[in-house]
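Let's take a walk around the ligand in this model and the hollow spaces in the protein. Have a look at the sequence and structure first, then read on.

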Amino acid sequence: MNKIAVVPGSFDPVTLGHLDVIARAASIVDQVHVVVVHNPGKTALLPIAQRVSLIERAIAEAKIPGNIVVTSWSVGLLVDYCTDVGATLLIKGIRSQVDVTYETPMAIVNRNLTGVETIFMLPDPAHAHVSSSLVRQVASLGGDVSPYVPAVVAEFLQSALT
Ligand code: PNS
C-alpha cells in the first residue's frame, strides 16, 4: 500500500525542528507532502512561495532521503488537500504539552471531517525550544538565528532583513 502523509504548517520560516519532523516522517511513509498553509491567526513574515522555496532548498541542503513533495494550499480545508492527493495521514511535530493542547482539537476535527488520522511526532529534544515566531522576532531585531534554522534560511533572513 502506498502510504502518503501530509506535514502541514505555516513554516514562516522552516526551522531545524520542522526539518527534523519532515525527515522522520519521510522515513516511515512512502511519500510526504510538506504543505505550507496560511494561518490567519499569525502575522506572516515571508510570502508563501518564499517559504516553499526555502523548505525545498533546506531539504536539499540536508540531503533528507525519501519521496518529499513541497507545496502550498490556500483554497479550503487541509483535509481536502489530503483527499485530492490520497493522503490518509497528517503528521505534526509536538514539542511540549502546549503543542498537544493546540493540536488535539484540530486532529479530532480533521478526523471527523474526512477520517484522516493525525500522528504526533516527537522531534529531537534539542529543538524543543525552537519556534518560527521566535526566529521571526530574533531575525527581525538583527539577532543570529543560525542555531535554529537551516543555513539556507539563516542566509536568506540575514540578507532580506538587514
Ligand atoms: O504552523 P501552524 O501555524 O501551527 O499550522 C497550523 C495549520 C496551518 C496546519 C492549521 O491552521 C491548518 O490546518 N489550517 C488549514 C485550514 C483548515 O483545514 N482548518 C481546519 C483545521 S481543524
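What follows is a short tour of the ligand, its pocket and a cavity.

Keep in mind that this is a predicted model. So, where does the ligand sit? You'll find it in the largest pocket. The residues around the ligand are Pro-8, Gly-9, Ser-10, Val-37, Asn-39, Lys-42, Leu-77, Leu-78, Tyr-102, Met-106, Val-109 and Asn-110. Sorted by class, that shell has seven nonpolar, four polar and one charged residues. Strand E1 (4–9) and helix H4 (97–114) each bring at least two residues to the shell, and H4 gives the most, with four.

Three side chains in the shell have a polar atom by an oxygen atom of the ligand. Here they are with their distances:

| Side chain | Distance to a ligand oxygen atom |
|---|---|
| Lys-42 | 2.8 Å |
| Asn-39 | 2.9 Å |
| Tyr-102 | 3.2 Å |

And how much of the ligand's accessible area does the protein cover? On its own the ligand has 550 Å² of accessible area, and the protein covers 80% of that.

Now for the pocket itself. The largest pocket has a volume of about 950 Å³. It is lined by 38 residues, and the closest to its centre are Pro-8, Gly-9, Ser-10, Tyr-102 and Glu-103. Pro-8, Gly-9, Ser-10 and Tyr-102 also turn up in the list of residues around the ligand. Several elements give two or more residues to the pocket lining: E1, helix H1 (16–28), strand E4 (89–93), H4 and helix H5 (132–140). Which element gives the most to this lining? That's H4, with seven residues, and H4 also gives the most to the shell around the ligand. By class, the pocket lining is made up of 17 nonpolar, 14 polar and seven charged residues.

There's one more space to visit. Searching the whole structure turns up one cavity of 30 Å³ or more. The largest cavity has a volume of about 40 Å³. Its lining consists of Ser-10, Asp-12, His-38, Asn-39, Lys-42, Thr-43, Ala-44, Arg-51 and Arg-136. Some of these names should ring a bell: Ser-10, Asn-39 and Lys-42 are also among the residues around the ligand. As for class, the cavity lining divides into one nonpolar, four polar and four charged residues.

Technical notes:
Residues numbered from 1 in each chain as written. Predicted model: local features only at pLDDT ≥ 70, side-chain atom pairs only at ≥ 80, totals over all residues. Heavy atoms only, no water. Near = heavy atom within 4 Å. Polar contact = N/O pair within 3.5 Å; in protein donor to acceptor, adjacent residues only side chain to side chain. Areas by Shrake-Rupley, 256 points an atom, 1.4 Å probe, with all protein chains shown as cover. 1 Å grid on protein atoms, 1.4 Å probe; cavity = no way out; pocket = protein on both sides within 12 Å on 5 of 7 lines; lining within 4 Å. Sits in = over half its atoms within 2 Å of the grid points. Nonpolar A, V, L, I, M, F, W, Y, C, P; charged D, E, K, R; others polar. Points joined across faces, edges and corners; volume = space filled by probe spheres on them.
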